[in-house]
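Please read the following walk through the chain with the sequence and the coordinates open side by side. The text moves from loops to helices and then to the nonpolar interior.

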Amino acid sequence: MHDIRLIRDDPAAFDAALARRGLAPMSAAVLAIDEARRARILAAETAQAAQNAASREAGAARGRGDGAGFERLRAVIAEKKAEIARLTAEAEAEDARLRDLLLTIPNLPLPDVPDGPDETANVEIRRWGAPRGFGFAPQEHFDIPAVRGGMDFETAAKLSGARFVVLRGAVARVHRALAQFMMDLHTSEHGLVETMTPVLVREEAMVGTNQLPKFAADSYRTTEGWWLIPTSEVTLTNSVRETILEEAALPIRLTAHTQCFRSEAGSAGRDTKGMLRQHQFEKVEMVSITTPGTSLAEHERMTRCAEAVLERLGLPYRTVVLCTGDMGFGAQKTHDIEVWLPGQDCYREISSVSVCGDFQARRMNARYRPAGGGRPAFVHTLNGSGLAVGRTLIAVLENGQTADGGVDLPEALRPWLGGRGRITPSGELV
């Protein structure tokens, strides 16, 4: 959420930043509500002063036996009391209108974010690894003979419908091994604290990490009012909501492996084959809570943590900076990491790492107390995939496929697979 003071101080700059996202000016609408709210607060304060003065005069009138004057002043006091109640209610209503509007306005891009309308304007900043030559036409993950028996979409459709999968045998074992490998890497080498969180959260948690109110259609809500998390960014980031941290405790670096749930409301017709885009999937998430002065360096550090997973697995990737038209709602700047999928003959997103500044912290009221003293300030928050487990499974299977229909698995996974490193064409892990 935005700082209303910054909008008041420079509405033109606020509108210019929104224009970079392709949005119309909004400062006038925001400031009109803000001015109405402040006018009612001022009027209520004026009425309160008048009521206080009338109360003092009424006391004096009673003391000197002026019954008529006392009754007249009592009427004034009652009138002002009613006026204060009305103005206070109106100010609260305007405050709610202001908050509701601010909650729908996306974060402002940092100056170095490239301008552009969509993903075609994203800027590649580096590549790692080279796509291998196969000597045969590589297949998509769901068509590889070694995978067919362990990736069951028909049974999943009977159970749940489209965009679900049942994993079995060697494929399920590799999926589990990938999650364990990622968690162990992040906790033992990257300094993240392993965390187990709920997958059902209250509405205010979804508001805190900007899934609500703007993107309610993208998530699932239970009949009891809980929301299923689209990622553990929600729970990890909200773990510091309504808290004042000591600066010495920062940065806080967390990771969690959880089930995630998304309705994929805007993806009709996209990636309908295979398990690239599912309603239920697993992800290893990374979240950092930092001071404002360290958040950009932390963004680079988190990106390297995600890239390290792919490098250990020997999976070629490229890293891009998202342009203003392709960034997520809450981000100031985002790095997308795209892994090479030979079955599709292209790079596909496997991680997004974003710095959000104090945008989410304001929604959560998450602050820190500076070590040198002074008033508490809002923390900065960052989040990123480290990585999406299902998409990493796809990349491992497609990049490791062999001419006989089997799959050679990355050496780095063997400790989590009991020393085994291949799925045979018949689907056995050996």
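In this predicted model, Asp345 counts as exposed, because its relative accessibility is 56% and the exposed class begins over 50%. Asp345 is placed in the loop between strand S11 (333-341) and strand S12 (346-355), and its phi is near 55 degrees, a positive value in a residue other than glycine. A positive phi of about 55 degrees is also found at Glu242, which is not a glycine either. Glu242 sits in the loop between helix H9 (233-238) and strand S7, and with a relative accessible area of 60% Glu242 is exposed.

Strand S12 leads on to another loop residue, Asp358, which is located between S12 and helix H11 (359-364). With a relative accessible area of 25%, Asp358 is partly exposed, since that class covers the values between the limits of 20% and 50%. Once its neighbours within four places in sequence are set aside, Asp358 is in contact with Met1, Phe378, Val379 and His380. The C-alpha atoms of Asp358 and Leu103 are separated by 13 Å, although the two residues are 255 residues apart along the chain.

A further loop residue to inspect is Thr195, which is found between strand S4 (193-194) and strand S5 (200-201). Thr195 counts as partly exposed at 23% relative accessibility. Not counting residues up to four places away in sequence, Thr195 touches Leu236, Leu254, Thr255, Ala256 and His257. The C-alpha atom of Thr195 is separated by 10.0 Å from that of Glu285, a residue 90 residues apart from it along the chain.

Where in the loops do cis peptide bonds join a leucine to a proline? One such bond joins Leu212 and Pro213, with omega at about 5 degrees, and Pro213 lies in the loop between helix H8 (203-208) and strand S6 (227-228). Another joins Leu250 and Pro251, again with omega at about 5 degrees, and here the proline belongs to the loop between strand S7 (243-246) and strand S8 (252-261).

From the loops, attention can turn to the helices. His299 lies in helix H10 (residues 295-313), and, with a relative accessible area of 1%, His299 is buried. Leaving aside neighbours within four places in sequence, the residues in contact with His299 are Lys333, Thr334, His335, Val353, Ser354, Val355 and Leu382.

Helix H10 also meets helix H7, and the axes of these two helices come within 11 Å and cross at roughly 125 degrees. H7 is therefore oblique to H10, and H7 passes H10 in a right-handed crossing. On the H7 side the contact is made by Leu178, Phe181, Met182, Leu185 and His186, and on the H10 side by Cys305, Ala308, Val309, Arg312 and Leu313. Sorted by class, this contact of H7 with H10 has 8 nonpolar, 1 polar and 1 charged residues.

How are helix H3 and helix H4 oriented to each other? Helix H3 (residues 27-63) and helix H4 (residues 67-102) pack with their axes 8 Å apart, at an angle of about 160 degrees, and H3 and H4 are therefore roughly antiparallel to each other. The crossing in which H3 passes H4 is left-handed. By class, the contact of H3 with H4 has 22 nonpolar, 5 polar and 12 charged residues.

The walk ends in the nonpolar interior. The largest nonpolar core holds 52 residues, and among these Leu178 and Ile423 touch the most other members. The largest share of this core, 10 residues, comes from helix H7 (residues 169-188). A second, separate core of 21 residues includes Met1, Phe14, Leu18 and Ala205. Returning to Ile423, and not counting residues up to four places away in sequence, one finds that Ile423 touches Ala146, Ala170, Val174, Leu397, Gly406, Val407, Leu409, Glu428 and Leu429. Two residues already met recur in these cores, for Leu178 of H7 takes part in the contact with H10, and Met1 is in contact with Asp358.

Methods
Residues are numbered from 1 along each chain as its sequence is written. This is a predicted model: local features need pLDDT of at least 70, side-chain atom pairs count only at pLDDT 80 or more; totals for chains, interfaces and linings use all residues. Side-chain values use heavy atoms; hydrogens and water are left out. A nonpolar core is a set of buried Ala, Val, Leu, Ile, Met, Phe, Trp, Tyr and Cys residues joined through side-chain atoms within 4.5 Å. Buried means under 20% relative accessible area, exposed over 50%, partly exposed in between (1.4 Å probe, protein chains only). Helices (H or I, at least four residues) and strands (E, at least two) are DSSP runs, numbered from the N terminus. Contact means heavy atoms within 4.5 Å. Axes are lines fitted to C-alpha atoms, for helices over the stretch in contact, and angles run from 0 to 180 degrees between N-to-C directions. Angles under 35 degrees count as roughly parallel, over 145 as roughly antiparallel, 65 to 115 as roughly perpendicular and the rest as oblique. A crossing is left-handed if the near helix is turned anticlockwise from the far one by less than a right angle, and right-handed if clockwise. Ala, Val, Leu, Ile, Met, Phe, Trp, Tyr, Cys and Pro count as nonpolar, Asp, Glu, Lys and Arg as charged, and the others, Gly among them, as polar.
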